[in-house]
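Please find below some notes on the charged side chains of this model, set out as numbered points. They concern salt bridges, their surroundings and one patch of charge.

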Amino acid sequence: MIPIQLTIQGLYSYQEKQTIDFKNLTESGLFGIFGSVGSGKSSILEAISFALYGETERLNLRDKRAYNMMNLKSNTSFIEFDFINYENKTYRATREFKRNTKKFDDVKPVSTTFYESINNQWIPLDHTDVKKINGNLSYENFKRTIIIPQGQFKEFLELGAKERTDMMQEIFKLQRFDLYRNATLLNTKNRTDLDQLEGQLKGFEMISEEEISTKKETLEEETKNHNALIIVFKQISEKYQQLKNLKGDFEMLTQKKEELLVLKNQKASIDTLENKTEVYDRIFRIFKPLLNERQKNSLEFSKQQNEKNILVKKLEETEEKFNVLQKQIQELLPKYEALAQTKVEENDWSLILQIKALSEEILTLKIRTEKGSEKVEEVIALQNKSKEETAKYSKELEVLKSKKLDSTLLTEVGNWFSVQKNLEESSFNLNKKIAEIKNEILEIENELLPYQIEVKTFREEFSDKIENLENKKGEFSVKKNQLEVQKQLSHYADALHDGESCPLCGALEHPNIVEFEDVNLQLSEIEKHLKTFENEKNVLQKNLLDIEKILSRKEIVEKQLQNENKNSNEISEQLSQHLKLFVWIEFRANNADEFNEKRKQSFAIEKDIEKLENTLVEEQKKLALDQENLDKYKRALEEFKLKEKEVETKIGSLQENLKIISWENIKEKSADEIDETYNLLCQSNAEIEKNYLQLVDQEKEIIPILTEQKTNLANRESRLKELEKEMFAIEKIISEALLEQKFYDIEEVKAIIAEQIDVVESRNRVQHFRINFQTLDNTIQLLEDKLKDFSFDDRLFAESENEFKNKEAEMKSANDTLVKLQSEIDRLKNEFAKKENLLKELEKLNKRAANLTLMLNLFKGAGFVQYVSSIYLRQLCDHANVRFHKMTRNQLSLKLNENNDFEIIDYLNEGRSRSVKTLSGGQAFQVSLSLALALAESVQANAKAEKNFFFIDEGFGTQDLESVNVVFETLTNLQKENRIVGIISHVEELKEKMPVSLNIRKCEERGSLVEIN
């Protein structure tokens, strides 16, 4: 996260709106925020934290946070923070509170909104969860990696192992290494698959290659029987098919004769239908179009007659309305023609109203002029009084300035005494430390006294002694080996018996068995000597190691003594040189109290000067305001006089424009009477004009309607005459057709047409009958010719049919047996192949189950996550040691123990480990700073951000001058690593070293104010 800008108002000690532009600060890479205690430095960090997370370090919801955070002189608190996140996107967070005007301690939030800058436009987000913006970083870890509040610098160092592991998981997203749940799901699925597979295999227990072979042999035997049966069935089938065909021909001949008899009975009705259809078709084609046209004309004639009657009625109504309109226009015309004169009168009354209003305005202007003159005299009196007060304050200010010491002089002398004090304290501390180191060297030398050694030659002496012991040990080892061999041979000799083979040479006879003395006592003595030599050697090696450690410590301490002596000499030289820089005759170099007293007096005078200057400025502002008011009142008086003349000129001009009415005759009337007369005249003129124009418009609208209605009526009468002619012609054609077709009346024709015979269907029916009749007759003739030389015996056919059916059933049974056998063999082959595949899959799943069990044991209890977290912690520790080792002058370093807790390695005490709680305040700050920087670097690398920001609140007050220099050098080097570091402190030495900084000054009237140095 990179801050861009922070705006705060009404928060803690910030009464007025203050804006901090971080761009110039962050460009320098290192900046500071300085100010006196309670000036509001830490409130800047709290504002950033609260804008992002809605949380603060000092207050929570139970502390009435909103009320206590709001400035007591403010009714609104506002925070606006712009920043760049790890994705290089720009965001803005705003929070606002307001105080209840009726209840002072009731402060509630008004709005909380997050924005994203897109194309230089602030687009509101649909959430206020900053974790979605800053890489899921919680408030607790935000305090540990980006902004470290006052008093919380050592929190990460002192966290328990579990809390520290949880923090590492969140910051570095180590939960991705928690694979236990995934492994469990895989194991459950694998177990389910195994259970299903084992269940499937139970259904294949009877499937085997032997079963398949038996079924194949049965199939071969049944196939032979089936082939023999096919030959016999073919012979019987041919005989049966011949008899069946003959029977079919005789039965068909009988059936066709019966069908022909039925058709002969239907022939008369079919002939009648044919004649009736032909008559209907002829009449329909001649008379149906004529009748349709006759009906169509009749309907249209009725319709046209009705429409004519309606048009006649509408025309009468329109003519009556037109006559009424013309009468009304004639009555209103005289009044309309007189409008020109009445409108002139109306204009005169309008001008008289304006004259009346302007007359009243002149009276008002005269009153305002009198009051304005009185106000001018009053302001002149106040202005003279302010001038006297201003002169008085100016004289007092000159007296105070003459008594005040030069601020540059005070700053230079104050800085000299501050450096003098720091140098003296450093000199005292160094001398004290040198004495302690000398005592430590004496103690180390006393530790060497028991060993009675010469430092230059002790290594050679110890080496000779150890070598001598090794030689003696070698001699006794040779003797021991000889005696053990003798002891073993004695054991073999005692175990030899005639007839039994020798374990060494294999002989069965043992004529001269050697005898040996008992060597156990000698072996025991040699063992005692060897143990003695070994113990002496171990003692020598231990003493040598202890002496080496003591000498190593002494060497480290002596080097430290040299460095401290060098530092002491440098401090003494600096003191001497610093004393030469004291050139101020107003003060004494050996009397800092005198200087502080004079500086205090000067500061008091300076406050009086500042107070008096503020008073003088206020008086000058008041004097300027009085002059401004005086000028304003004078301008107003001039404007009133000019306005009065302007109004009088307007009244004269308006009176000249009157045409009919005389102003002298009606000037005594009131404005209301004039207004009433004017309004009545305007209303009358408007109504006359409006009514006349409406009547004329209505007349114009009705004339085309009247013309159109007359035209439509003429068209309808013409169409009725045409229809009468067409109807007469159609009646003549119908009469001629009746005579031609020999009908006496049209009703006979209508009766025929009413039958609605389907001509196409009737003709098809007749044609179909004729074809069927002829076809049956031809078929019967052919069958009689075919069967004239044959006869049919039902008994022989029945016997042949029974024989055929029996063989057919036997064939079907044999065929079914073959199909079932083949299907069973195919099924067994498929099932056997499935069984083999299932067995292979079972083997794979069993191997997978073993691997998953091993994985579950590895991932159980988040063990793998803790292991990864410990790796991250050790890397963090290594990175922190690069700076911590340097800050402590190679005396201390940080390490993790087997419980993942931090410990300190003390190189001044043989590199032994001790708790971090044993560190001094300054050392704790150094290691906490090193860890915080390492943690921030890791977060930056993890987020792949080009730059990152880190803020420290206090902690530098625990450091001596040299440590401050080391820490500052460390922070300065961060610029080269593309890091931005901000610090909050009241340590003056740091302020002088900062390339750019903010100074927070608290004003009693205006609250905390931000100034850029």
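1. A residue is called buried when its relative accessible area is under 20%, exposed when it is over 50%, and partly exposed in between. Asp-195, at 42% relative accessibility, therefore counts as partly exposed. The coordinates belong to a predicted model, and the points that follow should be read with that in mind.

2. The partner of Asp-195 is Arg-191, and the two side chains meet in a salt bridge with an N to O distance of 3.3 Å. Both residues lie in helix α7 (residues 180-202), where they are 4 residues apart, which means that about one helical turn separates them. Arg-191 has a relative accessible area of 40% and so is also partly exposed.

3. A second pair can be described in similar terms: the side chains of Arg-285 and Asp-281 form a salt bridge at 3.4 Å, N to O. These residues are 4 apart in helix α8 (residues 209-337), so that about one helical turn lies between them. As for their surroundings, Arg-285 is exposed, because its relative accessible area of 54% is over the 50% limit, whereas Asp-281, with a relative accessible area of 15%, is buried because this value is under 20%.

4. Where in the chain do the partners Arg-92 and Glu-80 lie? The two residues form a salt bridge whose closest N and O atoms are 3.7 Å apart, and this pair links distant parts of the chain, with Arg-92 in strand β5 (residues 90-100) and Glu-80 in strand β4 (residues 76-84), 12 residues apart. Arg-92 and Glu-80 are both buried.

5. The pairs above should be set against the total, since the structure holds 35 salt bridges. Some charged residues are joined in a network rather than described here as a single pair: Lys-267, Asp-271, Glu-274 and Arg-770 are linked by salt bridges in this way.

6. Finally, which residues gather in a patch of negative charge on the surface? The patch is made up of Glu-454, Glu-460, Glu-461, Asp-464 and Glu-467. Of these, Asp-464 is placed in helix α11 (residues 458-494), and with a relative accessible area of 48% Asp-464 is partly exposed, because the value falls between the limits of 20% and 50%.

Notes. Residues are numbered from 1 along each chain as its sequence is written. This is a predicted model: local features need pLDDT of at least 70, side-chain atom pairs count only at pLDDT 80 or more; totals for chains, interfaces and linings use all residues. Side-chain values use heavy atoms; hydrogens and water are left out. A salt bridge is a side-chain nitrogen of Lys or Arg within 4 Å of a carboxyl oxygen of Asp or Glu. Helices (H or I, at least four residues) and strands (E, at least two) are DSSP runs, numbered from the N terminus. Buried means under 20% relative accessible area, exposed over 50%, partly exposed in between (1.4 Å probe, protein chains only). Patches are made of residues with over 30% relative accessible area and no salt bridge: like charges are joined within 9 Å, nonpolar side chains (Val, Leu, Ile, Met, Phe, Trp, Tyr) within 5 Å. Accessible areas come from the Shrake-Rupley method with a 1.4 Å probe; for residues, only the protein chains shown count as cover. Lys and Arg count as positive and Asp and Glu as negative; His and the chain ends are not counted. The place of a charge is taken as NZ of Lys, CZ of Arg, CG of Asp or CD of Glu.
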